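Colleague: I am new to this structure, and I would like to know how each statement about it is reached. Could we take the terms one at a time?

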Amino acid sequence: MAVKKTTRRAPRGLALLMVRVGCLAVAGISAVGLFVVVPGATATGATSSAVTVGWVAASGTTNSDQPVRDTGNAEYDGFKNLQVSVAQTEDIGDQAVRVSITGFTGTRGAIDAGGTQYTDAMNFMQAMQCWGPDPSAANFNQTCQWGGRFVDNNGLGNSVYPDNTLRVALRDVAPETKNAVDVPFLPAPAAGNSTVGITSVTGRQAFKLDAGNKPTKTVTYPLLDYTNPATTNEVQSARINRDGTGVFDFETQSAEQAPQLGCGSAGHLRCWLVLVPRGTKYGGHDDSCSGLVDNNGVAYTFGRAQSIQGGSPINPACSYWNNRMTIPLDFTPVGSTCAPDNTQRRVIGSQLLIAAMASWQPALCSKLSTTYSFAANPDSVARLQLIENQAGLAFGSFPVVAGELDNDADKAKLKTTTLSTAPVAIGSTVVAYVAEGSDGRLNSLNLSPRLMAKLLTQSYEFTVPWNSSEPQKNFAHLPTANQKILYFNQDPEFRELNPNWAQFTTNPALMLPGPAGADAIRQLWRWILADSEAKTWIDGTPDKAGISVNPFYLPAGNINAQVPEFLPSGDYKMVDGKQVYRQVGLKHIDGTPEKLSETLLDTFPKADESLVPLTLNVEKYRFGTLQYGPYSDSFNNAARSAFRADPNSKTVWDPAKVNAAGDVGDWVSSGAQSPGQKFVIAVTDAASASRYSLNTAALRLDNSTTSFVKADTAGMTAALSGLTATADPAVKQIDPAQVTGSGYPLTTVVYATVNLSASDKPALADYAAFIKQITVSGQVAGTAVGQLPIGYIPLTSAMATQAASAAAAISAYQPTVDPAAQQPSEATTSATQSGATTGYAQDDYSPATSKVAGSSTALPAVPSAGGAGNTAVITALTTDTPKPTPAAPDAFWGQSSLALSLGGGLSGAIFAPLLFRGRRFS
Amino acid sequence: MLNKNKLRLSAVAAIVTAGVAFSALPAMADPTAGTFAALSGVGSDTIQDVMNGMSTKVSAIASYDATGGGTIQTKAGGNAFNRPVGSGNGVAALSDSINSTGTKLWNSVDITGQIDFARSSSGPSSSFPGTVLTYIPFAQDAVTFAVNSGSDFPRDIPVGAAAQDSITPAPFTLRNIYRCVATTYTDNDSNSVTIRPLLPQTGSGTRKFWLTTLGLTEATKGSCDTDLANSVIEHDGTYVSGAGDIAPFSIAQYLAQGNHVALPTTVVERRGQAQLGFISGIKPIIPTPGTTGGTEMNPNFPVFRNVYNVVETARLTSDATLQATFSGPTSSVCTNVNTIKQYGFAPIANCGNTTIYKSGYTA
């Protein structure tokens, strides 16, 4: 076997008698959406399970899993030196794995007989995930995920010849074609079942049947029920450099992401990465492969040289499938190993903990017999929910102190609340990017605080909404010097920091998490604002090149906070021959001017109010910043969008599209960025960036000129010298301004805070055990379940000591609370339902539940901001509860909206940014 | 069918008008109101003239202009409806005419059965996958850039490629001009002239084709490219008015507009001051072999595209007239080579091919 590797374990069998429970997926608590995360997913650097396979077996070996290579094969000479390395083949989850190619030939473009130019016409690599148990089986190709891009805006542009998106020939995909060759898709059977009886899905289109089972004229593509451009991981073309090497990242999908493949489900841990190299010879005998013709209209013949690579890689009517390379992928079991009768405890807060919790949680379940259901939400919301007894434990990076709370009721309540805080993880915010030119990826990017500020304040042309209608007017509100910068790399400051990027003339799509906030975002703003040149720039001082901030981000009333006004016709509004300006700028919620440099935000505002196009011609309405550069709803999704290079901006007018209101004509997406012309920049966390194989920028230390540091283990460790006291002695946070030397300035400590006053004895014991485990065995770096994943560094010994004493204090605390009145300890409803009697929480919980629920109708009578801080005020806003009459408007808005966010999932995302707009931290 | 006196009159009118102003002329090439043919077609303005000309040779064809005001009625007793403007709209209207769901309307009008073919200057889009429509190629067009004849704008520019994006200084290529990294040229007086790259209106076949040719998309095109508030009309040279202006231009249209006097149907001369450029040293137009004074498209021009008539796939087997008109190299359209050349297009070897270019309904 020409497979080199250091270790290989046998695929794991079915572990334990555990039932799949959506432990992480507790019903809609989150303000940032729910994260169903598969445990154990790791990074894309070479791991101990890396595998290298030659297209031809090394001399004296056999290539297991690979088809026999015939020297008579037309492509033999082109492929004989081809080698492929896959960076990780074990403990695979929903992640990206890096595939490196050597010994190939550079990708070439070509023009077909119709005059259309294809950039990836010859010499490229295709990749897909297949689930079949036997890679040499005749129907193995039917188990491959392929064909999901035969739809609108598939993101391929004119890279490969279009019939590469199909499972069958273009001729045969048509439902009316007689005697068509079909390559159906065989979905993976449910866990443990055999494939017998599984209905395959046609790879062709079909006529929709009417009520009488007669075909109508409507054509459907049934495969789309299984896979489509937004979900599929098939790679139509990975480009090869002129030196014959190439690198791309493949998104592996577990059964959670792709149930139709079932990878990682019980008894089915092994799936396959299948690579199909495409050379220069035509591999079809007739148009059941591809209908390509030469410029004389003569059909391509088998083996024709210098041929555009038409035809599906999995279609047996073409010969391409015989050239495949098959690499086993061993998945981590999906789902949770939490027992259904575990006690459940809800924990909330920081997005920085998503990856860590995914790894820790299965170990917590098995060792502590407790299911810690984690829902990420904005740290600031988590702090309020903690004080308002809506959760017993919250993760955050800034202390739960009066200065972090918005309303007086919460501040008052804080005084009567006892908290205990422990450090639990050290992660970091990163500026991740993918920059892929025709010569491959760029792998180093330096950013200064001011460059980041320019991106975040929409001060470049490419960050404000525009289209080709009247681009110059779209940019007219930007300062003159900014209008000269057409590409990111034309900013002299960028060039100085990144001399190797001088010619990368592609502009980035910016993917920012939001609109919900996060302490990790606040750290980014702290880093920017502690830099004197960035701070003065944000205040309106131009840089050396004259570039200054977008007027929409200046405080209202600033002399430059004005933009040209336009008439509905698209012309400049003029009065007495003079152009008319509109006053703009940031304002606090009370209308006073807001200075961005003095407001520590935990969000990324999108303040530019420009609408495009100025003149409505065929377009029926305009679009603005949020449609031009939409938010990603979480750090994790920002990373995934960056990996897929799909900014999802809708800026192309499609006159045929029917919009939501039923009218014809709408803005549509221009699709994902094309291979070889990608540039995305995303703000995310180190763990997500690692999971999706994104590059991360080196950030310049505040007020330095020379120190650029990346978010690696060394950088994060060195940053701990910047730990600074906060208003809570238990919480020290890294102050980006205090980080020196080789420290990474956005390193962030995450703390768990437990509301002791609101928790009963069993809950406190559970929280203490939780903290004990995650701060001891959970701090061992590694990819196994329960360990600390890539993207974090272990706690320092001082922090570990602090965590241990906090855990001891929590378990020793004598609650004063009436256990019946405390709400968030979810002493397992499932236990109650199942009739199991594990756990001590049950005895006093069951009757209490009904009692509290019954009493909730009395809620309006209880002054919510009253003195009895820890009574059952918040308890149960059941669906039939009448709206409470608020004692104080602040309290009402605070509590009811938060309760909504607890119960209603997304509503929190809507409320959060509104609630906390204009909050100050000074 | 057109009556010859009318034709002559309209030709005269065209000359006179062309000398005076460039305002749009009324559509003179539509079939006479109240007369109908077996196959009615709508869509692209790039190939409306050649198909209008074709209708004078092939009696089954009735071709309706893309622009020209007023509604059209294409079948006896059929509803009058708005003209579909351009390739994309033509195919959308054909989809509405086929009306697979029984509920489709064209601009709120039921046009079921009113359209038999759509003219398209671009091949099927991957945005509308499927096979229910067949794009039948019948001729080749080529596209080059046009600049103002009075300017010193370089007349020979290569297309350029993404691989050159990393070369300093940016090579003077069409790609770099439309990416806005080549933003000026130096005129004969050594003055720097700022380039204004023009694009035809959104949705036009020429715009899509041009961006594709340059390896660009709507998302990656440069921010100096403009369609002047979506007002730049395809094949209208009057927009190329400044010394720094550059725009894509169909060579076939350029020739047909130049030939307009001799053509059997009305072709509006609207080339203005536009002059065609060479691409990598290759001329767009060559003398017609074996003639004196005649010109035709250079069949070896590197930037070319097929032009198509789009029909419902199912009717290729069920409708003998449709088949005889469009399908195969011996079809009426494909055998009328002279008409194709007269209107500036080049004949192609796979004229009438019905197996390669397919699409789903676009509306």
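Modeller: Let us begin with the salt bridge, which here is a side-chain nitrogen of Lys or Arg within 4 Å of a carboxyl oxygen of Asp or Glu. Please keep in mind throughout that this is a predicted model.

Colleague: How many salt bridges does that give between domain 1 of chain B and domain 2 of chain B?

Modeller: The count between domain 1 of chain B and domain 2 of chain B is 0, so no pair between these domains meets the 4 Å rule. Across the interface of chain B and chain A, the rule likewise finds 0 salt bridges.

Colleague: What makes these stretches domain 1 and domain 2 of chain B?

Modeller: The bounds come from a domain assignment, automatic or from a database, which gives 4-140 together with 305-359 as domain 1 of chain B, and 142-297 as domain 2 of chain B. Their C-alpha centres lie 26 Å apart.

Colleague: How do you know which residues of the two domains are in contact?

Modeller: Contact requires heavy atoms within 4.5 Å, and by that test 24 residues of domain 1 of chain B and 28 residues of domain 2 of chain B take part. The two domains bury about 2,300 Å² between them, with 58% of it on carbon and sulfur atoms. There are also 8 residue pairs in polar contact between domain 1 and domain 2 of chain B, both residues being at pLDDT 80 or more. On the side of domain 1 of chain B that touches domain 2 of chain B, α1 (4-20), α2 (48-55) and α10 (337-342) of chain B each supply at least two residues, and α1(B) gives the most, with 5 residues.

Colleague: Why is an area quoted for an interface?

Modeller: The size of an interface is often given as the accessible area lost when the parts come together. For chain B and chain A that value is about 4,100 Å², 50% of it on carbon and sulfur atoms. In chain B, T131(B), S223(B) and I356(B) lose the most area to chain A, together 14% of what that side buries.

Colleague: What makes up the side of chain B that touches chain A?

Modeller: By class, that side of chain B has 21 nonpolar, 26 polar and 11 charged residues. The contact takes 58 residues from chain B and 53 residues from chain A, and across this interface the rule finds 13 residue pairs in polar contact, both at pLDDT 80 or more.

Notes. Residues are numbered from 1 along each chain as its sequence is written. Chains are lettered from A and ligands numbered from 1 in the order in which they are written. This is a predicted model: local features need pLDDT of at least 70, side-chain atom pairs count only at pLDDT 80 or more; totals for chains, interfaces and linings use all residues. Side-chain values use heavy atoms; hydrogens and water are left out. Buried area is the accessible area (1.4 Å probe) that two parts lose on being put together, summed over both. A polar contact is a pair of N or O atoms within 3.5 Å; within protein, one must be able to donate a hydrogen and the other to accept it, and residues adjacent in sequence count only if both atoms are side-chain atoms. Ala, Val, Leu, Ile, Met, Phe, Trp, Tyr, Cys and Pro count as nonpolar, Asp, Glu, Lys and Arg as charged, and the others, Gly among them, as polar. Helices (H or I, at least four residues) and strands (E, at least two) are DSSP runs, numbered from the N terminus.
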